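Student: Please walk me through this one. I'll throw in questions as we go.

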Amino acid sequence: MIIGTPIAWWLAWSKSRWKEVVATLVALPLVLPPTVLGFYILLALGPNGLGGWFGPWFGLRTFAFTFEGLVAGSVLYSMPFVVQPIRNAFEAIGARPLEVAATLRASPLDRFFTIALPLAIPGFLTGAVLGFAHTVGEFGVILMIGGNIPGETKVLSIAIYDFVETLRWREAHILSAGMLVFAFLVILTVSLLARRSGRRAF
Amino acid sequence: MGNEIAITLKGDLGAFHLDVDFAVPMHGITALFGPSGCGKTSILRSVAGLNHMAGRIAIGSHIWQDQERFVPTHKRPLGYVFQEASLFPHLSVRQNLIYGEKRAKKAEKHIRFDDIVDLLGIGHLIDRSPMHLSGGERQRVSIGRALLSQPQLLLMDEPLSALDRMAKDEILPYFEALHANLKVPILLVSHDISEVERLADHLVLLKDGRLVNSGPLSDVLSAPDSTLAMRRDFAAVLPAQVLRTDEDGISALDVAGSEFLVLADTLRPGDAVRLRIAASDISIARGKHASSSILNSIPARILGIETLGATEASLRLDIGKNHPAIVRARISQRSLAALNLQIDEMVIAQIKSVSLAANR
């Protein structure tokens, strides 16, 4: 969210010719097979990539096969699901309310927090839910960069995969049903919240 | 210099070229008038800093824009009323109203919340959501919101054009009350001449991004060669003072030393009003008719004769005694020839009907 919001804001208002290039980059994870994305992230996070540069700051040799690496990968992978709804929400507000606020002496930051954010709430809810749900459910990227180390980078979706592979149906059932109920509840809650605020998120 | 709103703008907006340079007084309502696409709104947006065009904008001694500086919109003490009310839907009417007030500097506060709520008659709406207001109510709230931001200049971009006839009639008296009660100068963009006749004190006439004329309303309206004066529905607007009100419902008004009789029983002696005299309501006579149902037969000097198409002519007449007061009369070419009217000649202007454009 914190990374996605500024990107969405810029995409909604910028007149730069790089806008569509950036929008395409953000949208790439939608089309690419997760394994391709995972492969590049793995390279980037590894000791010869960014991981090698920034890793030592955190006392690590590399980000690959670590929890931090997983988080970074997930953020990238879920970016389009967060950025798109927020960008749409900002565009739907239009320039007028912000112009009005400017003539009422609100500074740009003031306008963002008192007008743009409250009016874009449905977009934020949608972005948050889709981003979260997508992260919980992801598989390919994690498999590539996480390495499935128990207690460190083992995630639910891969755990289920392992249980099925080893024919432990009972555990697979419990986890799968749990995820099903969880996903249902999250989306239902957000829909109810959105209806309460007078608009629908989906 | 110090007591004027001086605007110089030059630049392109899309396919459209704007090049204007004018100054208007720091009081009263100034109308920017012209056909759609003449640049009125671009000028207003530039004054507000919502558009950035090359030029200079000075409000009295405060310079908002010149070659070196460009004061951002939120640092200009102005109020802006848009064509659509554009209230913030996530805030209540009260929160909308105080949005600007909260952000205004303490020292600048001269317009009080309660006064504005009374003046605009919006007290009963205050705790509602803007989504449940009528068009007229919404626009009143948006005017109140703009005024409560404590502006030194109020900009209005066709604030009435999105409203239907009923809502317009509902809101116009509030405009007149604003004008009478507040000292804030107003720049009003309009393409509706009746709105201008009723509200404006000064007129800036624009066409195709250029200035045509600018000055006091009655002067600009009746200026020679003005495209306005050539319109079939042309009417002169003259300031007048009520002299007395008679029992039969007729009021006597003073217009530049000439006395006018008007059917109006709500006026009090001393009231300042404005008279609207349509060009089609004046006929010309050589001598004073002894008896006629026409109340107003005023001596007039012919200042100019312009042809209106093939069959009609427009006469520019001065009906003032003490100082010039210009009206126009539309007569047929045949009458013009029959009466053999000449420039500078004295005639009698018989005025069939006079209406009050607004109470001031």
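Tutor: Let's settle one word up front. A residue is buried if 20 or more other C-beta atoms lie within 10 Å of its own, exposed if 12 or fewer, and partly exposed in between, with C-beta atoms placed from the backbone. This is a predicted model, where local features need pLDDT of at least 70, side-chain atom pairs count only at pLDDT 80 or more, and totals for chains, interfaces and linings use all residues. Residues are numbered from 1 along each chain as its sequence is written, with chains lettered from A and ligands numbered from 1 in the order in which they are written.

Student: How much of chain A is buried?

Tutor: Of its 202 residues, 32% are buried.

Student: And what is its secondary structure?

Tutor: Chain A has eleven helices and zero strands. Both kinds are DSSP runs numbered from the N terminus: helices are H or I with at least four residues, strands are E with at least two.

Student: Where does UniProt put transmembrane regions?

Tutor: The unreviewed UniProt entry marks residues 21-43, 63-83, 112-133 and 172-194 of chain A as "transmembrane region". Its positions are given here in the numbering of this model, the feature names are shortened, and annotations may be inferred rather than shown by experiment. In the model, residues 21-43 of chain A are 91% helix and 0% strand, with end C-alpha atoms 23 Å apart. Residues 112-133 of chain A come out at 95% helix and 0% strand, and there the ends are 27 Å apart.

Student: Switching to the A/B contact. How many residues does each chain put in?

Tutor: Chain B puts in 17 residues and chain A 13; two residues are in contact if their C-beta atoms, placed from the backbone, lie within 7 Å. On chain B's side, strand 6 (78-81) and helix 2 (93-103) each supply at least two residues.

Student: What's that side of chain B like by class?

Tutor: It has eight nonpolar, seven polar and two charged residues. Here Ala, Val, Leu, Ile, Met, Phe, Trp, Tyr, Cys and Pro count as nonpolar, Asp, Glu, Lys and Arg as charged, and the others, Gly among them, as polar.

Student: What do the buried residues of helix 6 of chain A pack against?

Tutor: Those are A:Val100, A:Ala101, A:Ala102 and A:Thr103. They pack against helix 7 (108-119) of chain A, plus helix 1 (40-48) and strand 6 of chain B. Helix 1 of chain B is itself mostly covered, with eight of its nine residues buried. Just past helix 1, B:Gly49 has a positive phi of about 85°.

Student: How is chain B split up?

Tutor: The domain assignment gives domain 1 (4-217) and domain 2 (235-359); such bounds come from an automatic or database assignment. The C-alpha centres of these two domains of chain B are 34 Å apart. Their contact takes five residues from domain 1 and six residues from domain 2.

Student: Why does the largest nonpolar core lie between them?

Tutor: Both domains of chain B give residues to this core, so it lies between them. A nonpolar core is a set of buried Ala, Val, Leu, Ile, Met, Phe, Trp, Tyr and Cys residues joined through C-beta atoms within 7 Å. This one has 116 residues, and B:Leu275 is among those that touch the most other members. Its largest share, seven residues, comes from helix 5 (residues 67-93) of chain A.

Student: Last one: how does the model score?

Tutor: It gets ipTM 0.72 and pTM 0.75.
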